[in-house]
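Visitor: Please put the sequence and the model up on the screen. I'd like to poke at the packing and the charges.

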Amino acid sequence: MAEQSGQGPSVRGKIAATISEISAERRWFTSMRLAFSSVSLMWLLLVAWAIPGGPIVDIVPDYSAAAVLGLLFALGAFGGTLGFMFLWRPTFKGESVHDFVHVLLGGGLLLRRRTQFKARLAAECRRAKADDASVFSLIVLKLSEAALANGQAANRRFGGKLAALWARSVARADDIVGDAAEDEIWILARGADEQGREIIVSRLAGQLSSSDVLPPLEGALMGTVTFGESGRDAETLLKAASDRMVSPSELAGDLAA
């Protein structure tokens, strides 16, 4: 505990704030999934109503009652769809269809799963290929086995995602953080060219080199690349970043040189 007496409380505070944000996001997306299910049900009922001799006809044989029921289904389907798009479209601004599907299946945006992150990385690559002004950098953080073993107790208190929560708490708001594996974190720094990457990496490296970082991050290695410099597709960039793993102190020294 002595090692965390300096900036430790601020680190814990940032992580606590990140956990609160993720919890709020989960509640928000739970509401979205319920709304999506309701709209989908309205469309299903409308289709069933429109089928000649379908199940709705058997349930409501009276023509007038069936017409009123069909009108209600149509209003629910079309009105629900418009309302859903109006309410939820801003949340997914700049996100791909894959991101929307991943969220429907239980994923989040603040902290993304491995497959979800790779899908977004591939989408960013396509955007950068189509638009020369679009640029981004990729940061891969590899945790040491010894540090993971020493920090098991602390990590369990955070659901096994302490390192990912730390990365999300120190990353920029527009950056995309992926919980790739128990010992690996990915960060997609949107809009960061080589110069911008140096600023972000220098800040991350400085925190990782500090004696005040949380135990599971001790001995971490970091690899960084920028789109176009080391590849133009997701797999190539991930491999290039993994092949460039160095200690944060060494990386910070290289950037300062």
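Guide: One definition before we start: "buried" means under 20% relative accessible area, "exposed" means over 50%, and "partly exposed" is in between (1.4 Å probe, protein chains only). You're looking at a predicted model, where local features need pLDDT of at least 70, side-chain atom pairs count only at pLDDT 80 or more, and totals for chains, interfaces and linings use all residues. Residues are numbered from 1 along each chain as its sequence is written, and side-chain values use heavy atoms, with hydrogens and water left out.

Visitor: Which stretch has pLDDT below 50?
Guide: pLDDT is the predictor's confidence in each residue, from 0 to 100. The protein has a mean of 83, and 87% of its residues reach 70 or more. The stretch below 50 does have nine contacts (heavy atoms within 4.5 Å) beyond near neighbours in sequence, and it covers residues 1-9. Where pLDDT is low, the predicted coordinates should not be read in detail, so go easy on residues 1-9.

Visitor: What share of the 257 residues counts as buried?
Guide: Start from the outside: the accessible surface comes to about 13,600 Å² (Shrake-Rupley method, 1.4 Å probe; for residues, only the protein chains shown count as cover), with 60% of that surface belonging to carbon and sulfur atoms. As for the residues that count as buried, their share of the 257 is 41%.

Visitor: In what order do the strands of the open sheet run?
Guide: The protein has eleven helices and five strands; these are DSSP runs numbered from the N terminus, helices being H or I with at least four residues and strands E with at least two. Two strands pair if DSSP finds at least two bridges between them. With mixed pairing, the five strands of the open sheet take the order 1-3-4-2-5.

Visitor: Why is one side of strand 5 left without a neighbour in the sheet?
Guide: Strand 5 pairs with strand 2 (residues 136-142) in the antiparallel sense over six bridges, and one of the bridged pairs is Val 140 with Gly 223. Five of the six residues of strand 5 (residues 221-226) are buried. Like strand 1 (112-113), strand 5 stands at an edge, so the reason is a single partner strand.

Visitor: And which residue is the bridge partner of Arg 113 in strand 3?
Guide: Arg 113 lies in strand 1, which pairs with strand 3 (residues 176-181) in the parallel sense over two bridges. Arg 113 is partly exposed at 41% relative accessibility. Its C-alpha is 5.7 Å from that of Gly 178, 65 residues away in sequence, but the bridge partner is Asp 179.

Visitor: Now for charges: are Asp 99 and Arg 112 buried or exposed?
Guide: They form a salt bridge (a side-chain nitrogen of Lys or Arg within 4 Å of a carboxyl oxygen of Asp or Glu), with the closest N and O atoms 3.2 Å apart. Asp 99 is in helix 4 (residues 97-104) and Arg 112 in strand 1, so the pair ties together parts 13 residues apart in sequence. Asp 99 and Arg 112 are each buried.

Visitor: How far apart in sequence are the parts that Glu 235 and Lys 118 tie together?
Guide: This salt bridge has its closest N and O atoms 2.9 Å apart. Glu 235 is partly exposed at 47% relative accessible area, and Lys 118 is partly exposed at 25%. Because Glu 235 sits in helix 10 (residues 234-243) and Lys 118 in helix 5 (residues 114-130), the sequence separation is 117 residues.

Visitor: About how many helical turns separate Glu 124 and Arg 127?
Guide: Their salt bridge closes to 3.0 Å between N and O atoms, and the two are linked in a network with Glu 95, Asp 99, Arg 112 and Arg 120. Glu 124 is buried at 6% relative accessibility, while Arg 127 is partly exposed at 32%. They are three residues apart in helix 5, so the separation is about one helical turn.

Visitor: Last one: what relative accessible area does Leu 75 have?
Guide: Leu 75 belongs to helix 3 (residues 63-88), as does Ala 66, which is buried at 14%. Leu 75, by contrast, is exposed, with a relative accessible area of 54%.
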